[in-house]
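Please open the model in your viewer and keep the selection panel at hand. The tour goes from one helix contact to the next.

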Amino acid sequence: MTSSEHLTGSSDLSAHLDRAGAEAELFDLLRIPSVSADPSHVPDMARAADFLRAKLETLGFAVRVDATSHAGKSGQTVAGHPVVFAEKQVDASLPTVLIYGHYDVQPEAPLEEWVSPPFEPTVRDGRVYARGSTDDKGQAYAHVRGVELLLSQGELPVNVKFLLEGEEEVGSPSLAAYLRQNVEALKADVIVISDGSRFAPDVPTVTYGLRGLSYVEIHVQGANRDLHSGSYGGAAPNPINALAEIIAKLKDDQGRVTIPGFYDGVEEITPAEREMWAKLPQDDAAFAASIDVPALPGEAGYSVLERLWARPTLDVNGIWGGYQGEGSKTVIAAKAGAKVSMRLVPGQDPERITQLITDYVPTIAPEGVKVEVKSLHGGQPIKVDADSPFVQAAGRALKRVYNRDAAFARTGGSIPIVADFRSILGAPVLLVDFGLNEDAPHSPNESFALEDYHNGILTGAYLLQELGRVGEPEQ
């Protein structure tokens with residue numbers, strides 16, 4: 001049986017899209033504060049998983065909610081958050097598509113910067129504002145509703161599996177083990193992920209590259225206690241000053257990372273990529289204005305898009321030490337620290353990069369302090385063959401929704417589990433994003449345009465149709 005025999009119903013699915021129903025269900029999911037990083041939200045994680053289980057069961061999927069675990073820092077087994085696995089087998093002769101997403105969300109802090117409550121979905125100017133609206137509940141649930149849309153018109157054109165996890169926002173510590181334990185159940189011809197941003201509002205996008213990640217903490221220890229800055233200033237080491245000096249030495253005045261060996265093996269941008277990206281409607285001035293900054297500093301010799309998509313970076317994500325209350329307290333802090341992330345590109349290995357910064361920081365620390373670099377987590381960079389039949393199928397699906405050709409772009413973000421999908425499950429990954437950077441994922445007032453959600457549902461449905469046609473003779 002061919003997939004085309006399953007393509008029942010109208011070729012234009014938009015007329016059958018239940019927009020109000022799709023929004024109501026998403027809003028219910030967004031009301032669940034499934035913050036994976038906060039132990040107090042463990043019951044909410046279970047509630048979110050159960051919500052997805054119940055929905056997929058109504059669509060005729062065989063569903064299970066699986067417990068997960070991983071090794072803790074001391075080697076002990078730590079309970080993880082549940083994985084929702086669902087499967088609908090239509091016909092063994094058809095391709096199988098595995099759809100991945102995550103139902104966990106970032107912490108809502110700083111709460112005072114939210115205009116409306118982060119877990120009470122609020123619609124303003126065509127956008128729903130809520131934590132997780134774009135990252136990743138809205139995008140993942142668009143696929144669920146896309147399947148429902150196809151089923152309302154007939155049978156699915158492919159076999160479909162869902163893998164919806166609850167630990168992506170904390171680095172997916174349990175998922176690799178889960179994949180290894182369930183290789184047979186998770187077998188698929190292609191893995192679809194929607195967990196990122198399109199190039200621009202009017203530019204449908206297939207993402208063919210993700211940067212990797214090395215995330216560390218730098219800890220600086222001075223005296224055995226906080227010291228009076230009058231009695232000890234000028235003689236005792238100051239960990240905050242030392243930390244500032246260390247951070248300043250991690251990059252040069254050309255925006256290049258100074259860690260020895262950091263750029264070894266970095267894959268260069270191809271002329272074809274440069275030509276393709278130069279045709280995209282990138283407006284650097286508008287990009288700067290969108291984040292209210294007067295300039296866009298970065299590595300010399302590369303365009304903004306090249307720096308964002310294909311060059312490695314080093315950024316300080318958090319810093320602490322000393323007195324931070326109202327008024328003054330004249331002390332020399334005993335400790336200081338910083339969180340540092342390095343976005344990596346093809347040719348860089350996160351474990352190697354982590355070891356390089358671990359070795360380098362002590363060599364640039366001023367005398368009198370002790371320093372330690374602690375690894376938090378990381379992920380491999382990914383680059384997909386933009387000419388693969390799956391990527392081309394995604395391009396066709398997007399054109400059916402937006403009536404224009406899709407752009408093929410890389411993205412600066414990281415999804416560490418993507419490399420595990422390729423290495424453990426051995427299936428190609430297809431990245432089709434519905435969100436936008438202006439959705440403010442991870443930030444206060446995260447949102448998702450309802451039109452993008454509806455288009456995501458349509459794209460998800462058309463994508464399954466197009467993937468069902470991969471390998472069939474040209475008509």
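Select F51, L52, K55 and L56 in α2, and then Y141, V144, R145 and E148 in α3, which are the residues through which the two helices meet, contact being heavy atoms within 4.5 Å. These contact residues comprise five nonpolar, no polar and three charged, where Ala, Val, Leu, Ile, Met, Phe, Trp, Tyr, Cys and Pro count as nonpolar, Asp, Glu, Lys and Arg as charged, and the others, Gly among them, as polar.

This is a predicted model, in which local features need pLDDT of at least 70 and side-chain atom pairs count only at pLDDT 80 or more, while totals for chains, interfaces and linings use all residues. Residues are numbered from 1 along each chain as its sequence is written, and side-chain values use heavy atoms, with hydrogens and water left out.

Now show the whole of α2 (residues 42-58) and α3 (residues 137-153), whose axes come within 11 Å and cross at roughly 15 degrees. The two are therefore roughly parallel to each other, a term for angles under 35 degrees.

Keep α3 and add α13 (residues 450-469): their axes are 7 Å apart, and the helices pack at an angle of about 55 degrees. That makes α3 oblique to α13, oblique being what remains after under 35 degrees (roughly parallel), over 145 (roughly antiparallel) and 65 to 115 (roughly perpendicular). For side chains to display, choose among the contact residues Y141, R145 and L149 of α3, and Y453, I457 and L464 of α13. The residues of this contact divide into ten nonpolar, six polar and one charged.

Notes
Axes are lines fitted to C-alpha atoms, for helices over the stretch in contact, and angles run from 0 to 180 degrees between N-to-C directions. Helices (H or I, at least four residues) and strands (E, at least two) are DSSP runs, numbered from the N terminus.
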